[in-house]
Number of protein chains: 2
Amino acid sequence: MKKLFVLALLALSVIGINAQETVGRKVSDLATPVVNNDNSVTFLIDAPNAKEVTLDGNFLDTRSVDVPGFGTVKQTVPVKLTKGNDGVWSYTTGELSPDLYTYSFTIDGIRAIDPNNAYTYRDIASYSNYFLIGGKESHDYFVQEVPHGTVSHVWYPGDRLGLPRRRMTVYTPAEYESNPGKQYPVLYLMHGSGGDEDSWIELGRAAQILDNLIADGRAVPMVVVMINGNGAQEAKPGEYPNSMYKPLMLNPHTSDGSFEYAFPDVEKFVQSHYRVYTDKAHTATAGLSMGGVNAVYLSAFYPDKFDYVGVFSARLMDLDRVPKTTEAHPKVYQDITAKLDRQFKTSPKYYLIAIGSDDFLMQYNKDMRKMFDERGYKYDFLETTGGHEWKNWRKYLVYFLPKLFK
Amino acid sequence: MKKLFVLALLALSVIGINAQETVGRKVSDLATPVVNNDNSVTFLIDAPNAKEVTLDGNFLDTRSVDVPGFGTVKQTVPVKLTKGNDGVWSYTTGELSPDLYTYSFTIDGIRAIDPNNAYTYRDIASYSNYFLIGGKESHDYFVQEVPHGTVSHVWYPGDRLGLPRRRMTVYTPAEYESNPGKQYPVLYLMHGSGGDEDSWIELGRAAQILDNLIADGRAVPMVVVMINGNGAQEAKPGEYPNSMYKPLMLNPHTSDGSFEYAFPDVEKFVQSHYRVYTDKAHTATAGLSMGGVNAVYLSAFYPDKFDYVGVFSARLMDLDRVPKTTEAHPKVYQDITAKLDRQFKTSPKYYLIAIGSDDFLMQYNKDMRKMFDERGYKYDFLETTGGHEWKNWRKYLVYFLPKLFK
């Protein structure tokens with residue numbers, strides 16, 4: 001009878017009834033993408049009725065595109081798949097270096113995820129599939145057979161933003177529960193425009209990176225608090241009342257001082273709910289893009305809080321802008337030179353500025369570094385290939401974590 | 001200069017470069033699906049080059065389909081969208097009752113998610129979009145402005161399965177952290193075939209349901225432990241080493257006694273890491289489909305552990321099968337009648353059997369109830385419309401939780 005039950009489930013599966021939801025239909029069982037022995041990758045999609053199928057992915061060649069009034073940026077060039085006699089379209093890349101890659105198909109003009117790859121990321125409002133190419137450079141992005149930390153979605157009072165509650169994502173290291181008497185250093189980690197408190201866990205592979213670096217002794221065990229940097233949101237879209245809108249790249253109450261002003265709410269909750277040290281020597285902050293801007297101003301606004309600062313793919317806000325500001329909390333951005341002077345008077349133990357050579361913020365980043373150099377601020381600088389993208393932010397996190405709390 | 005930065009981001013967005021990943025392309029900005037004033041819903045998709053677009057969803061009419069050697073099951077009937085002169089295809093439903101619905105498009109033969117709806121569920125290996133229709137019956141599925149519990153992804157030792165570690169998803173109620181001296185009752189909640197430890201949180205809206213029922217006083221604050229019931233998995237696919245395979249409906253080491261045999265690993269970890277009562281009066285278990293089978297056998301195998309049992313859309317295993325079994329732990333399923341007799345000698349305080357009238361397991365469920373009735377076991381029975389689907393399992397959870405620990 002068990003056999004019959006199993007046969008029935010299989011039959012249901014084959015005729016396209018999904019036992020979990022009734023909306024599933026049969027999709028082909030192609031294994032795709034296929035990582036070949038030479039680390040080329042073959043993409044397959046069973047689409048006998050389609051007229052054109054293209055593939056876009058962050059492993060393809062790029063071209064420069066002009067953005068009026070701004071300059072040129074790099075954009076990947078989609079490739080066409082070839083249709084086989086069996087109705088299966090295919091494309092094989094050249095050899096790919098070890099990394100995490102994302103891709104999507106466009107079928108007769110409609111962007112679509114790969115129906116045979118269950119591994120996806122949402123980035124702002126759109127989904128891509130992902131896959132990994134193994135090797136030394138991508139080792140830390142894989143789940144390895146090492147102890148894993150806990151990832152929690154936690155709510156704290158949003159007093160300073162006038163919100164009833166806000167959501168943060170917290171990583172505690174694997175050993176945390178077994179060491180009830182031990183205190184841990186803490187890293188406050190911020191996303192970019194269009195991101196949220198889950199971006200570093202999902203797109204950034206932060207849990208895998210932390211697990212692997214801690215297991216290898218390359219990073220010390222630490223608590224990592226991932227904050228929602230959009231001051232008008234209680235949480236990521238869909239997780240608070242009336243929030244099932246299409247996620248936006250530019251959200252209200254970002255880059256207006258709200259994030260930095262409201263940080264004490266975060267800190268108060270973390271210090272009262274987790275076993276973390278509260279002194280500067282055991283506290284770090286880092287962020288990417290908008291979150292990198294946040295890291296600069298947060299650590300300058302509270303110069304006694306952070307001994308470790310990571311500024312990934314970011315810049316300074318314009319120094320002349322502030323008197324004309326409509327910011328919610330203009331004091332956060334005012335007089336940044338004076339604030340930085342004060343912060344660097346007792347220099348942070350480690351301050352990292354990292355950027356990719358193709359980043360559209362490169363010139364602004366150069367301006368910032370010039371100003372830092374002229375005023376004698378001490379910092380580490382990392383320039384990689386690539387642009388304003390997660391491929392780089394994962395790398396920067398791997399580079400940054402080993403510098404902390406040592 | 002901030003203005004220029006913002007303009008640049010907007011420009012990048014418009015020309016299709018996604019500042020978070022470089023793979024994004026412009027997608028149309030249609031607001032879809034649109035819930036109209038009369039609770040009909042309009043679906044739109046911008047596909048000027050497509051030849052045919054259909055919509056499938058769990059709000060459409062169903063037809064009966066024969067499964068050879070098994071019987072008839074209900075399947076939704078996809079509908080065709082109509083192409084407008086502007087290349088936008090559309091379809092409007094009739095009035096939908098308050099509920100959570102899922103859907104997907106098929107474009108020229110390829111199943112695709114809605115590029116304008118960022119809210120998706122993965123069910124086994126395929127993605128659907130979802131939307132909610134507001135109203136009394138769906139109130140508990142929405143995020144309401146009430147205190148929210150913490151949802152954590154936690155790892156525990158997998159000793160009894162011979163696995164180095166396993167992942168569980170744990171809900172602790174909003175008040176948990178503010179009451180460090182208080183102990184809580186605990187519910188162990190199980191998924192079905194093809195599911196994992198995150199299914200109840202994702203497809204089941206368990207966190208929203210618990211938050212809302214607890215806030216209203218309809219359920220008592222409790223800890224809810226969502227276990228991975230696939231005995232060969234450390235965690236859901238993608239979350240353990242070498243696990244990025246296409247998720248399966250039928251996994252190794254399910255329905256072979258592994259789950260029930262290994263339960264003490266779960267219990268030991270939960271009781272030592274959370275402030276939970278350990279007695280029968282404060283312990284519940286429930287599951288759907290395969291997880292409902294697990295709930296029956298788990299509570300019968302450990303008759304002194306659970307005073308509350310929920311069996312959603314499930315059945316008994318065949319009583320004659322066990323001697324011929326190849327189960328990993330045959331003792332779990334052997335002599336179920338004797339086990340149930342012992343369990344019901346001091347009857348659980350509450351035992352729920354729930355099923356939909358169209359469920360393909362209905363006859364087996366009737367057989368189970370007949371056996372329960374003949375032997376005088378006390379239980380509550382809930383029959384709803386619908387079949388073997390999440391629409392029902394959310395309802396059953398809402399029905400079950402208020403019965404617990406009172």
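Two strands are taken to pair if DSSP finds at least two bridges between them, and in this predicted model strand 2 (residues 41-46) and strand 8 (residues 88-92) of chain A satisfy that condition with 5 bridges, running in the antiparallel sense. Within this pairing, L44(A) stands opposite S90(A) of strand 8 of chain A.

The two strands belong to an open sheet of 4 strands in chain A, whose order is 1-2-8-7 and whose pairing is antiparallel. Strand 1 (34-35) and strand 7 (82-83) of chain A stand at the edges, and because each has a single partner strand, one side of each is left without a neighbour in the sheet. Strands of a sheet pair through backbone hydrogen bonds, in either a parallel or an antiparallel arrangement.

Chain A also offers a helix pair to examine. Helix 3 (residues 206-215) and helix 8 (residues 390-400) of chain A pack with their axes 10 Å apart and at an angle of about 25°; since angles under 35 degrees count as roughly parallel, helix 3 of chain A is therefore described as roughly parallel to helix 8 of chain A. The crossing of these two helices of chain A is right-handed. On the side of helix 3 of chain A the contact is made by A206(A), I209(A) and L213(A), while helix 8 of chain A brings R394(A), L397(A) and V398(A). Sorted by character, the residues of this contact comprise 5 nonpolar, no polar and 1 charged.

In chain B, another pair of helices can be followed in the same manner. The axes of helix 5 (residues 290-301) and helix 6 (residues 336-345) of chain B come within 8 Å and cross at roughly 65°, and these two helices of chain B are therefore roughly perpendicular to each other. Their crossing is left-handed. Helix 5 of chain B contributes Y297(B), S299(B), A300(B) and F301(B) to the contact, and helix 6 of chain B contributes I336(B), K339(B), L340(B) and Q343(B). These contact residues divide into 5 nonpolar, 2 polar and 1 charged.

Charged side chains provide a further view of the model, which holds 30 salt bridges over all chains. One of them joins R165(A) to E145(B), with the closest N and O atoms 2.3 Å apart. This pair crosses between chains: R165(A) lies in strand 14 (residues 163-172) of chain A, whereas E145(B) lies in the loop between strand 12 (126-133) and strand 13 (150-158) of chain B.

Technical notes
Residues numbered from 1 in each chain as written. Chains lettered and ligands numbered in written order. Predicted model: local features only at pLDDT ≥ 70, side-chain atom pairs only at ≥ 80, totals over all residues. Heavy atoms only, no water. Axes fitted to C-alpha atoms, helices over the stretch in contact; angles between N-to-C directions. Parallel < 35°, antiparallel > 145°, perpendicular 65-115°, else oblique. Left-handed = near helix turned anticlockwise from the far one by under 90°. Contact = heavy atoms within 4.5 Å. Nonpolar A, V, L, I, M, F, W, Y, C, P; charged D, E, K, R; others polar. Salt bridge = Lys/Arg side-chain N within 4 Å of Asp/Glu carboxyl O.
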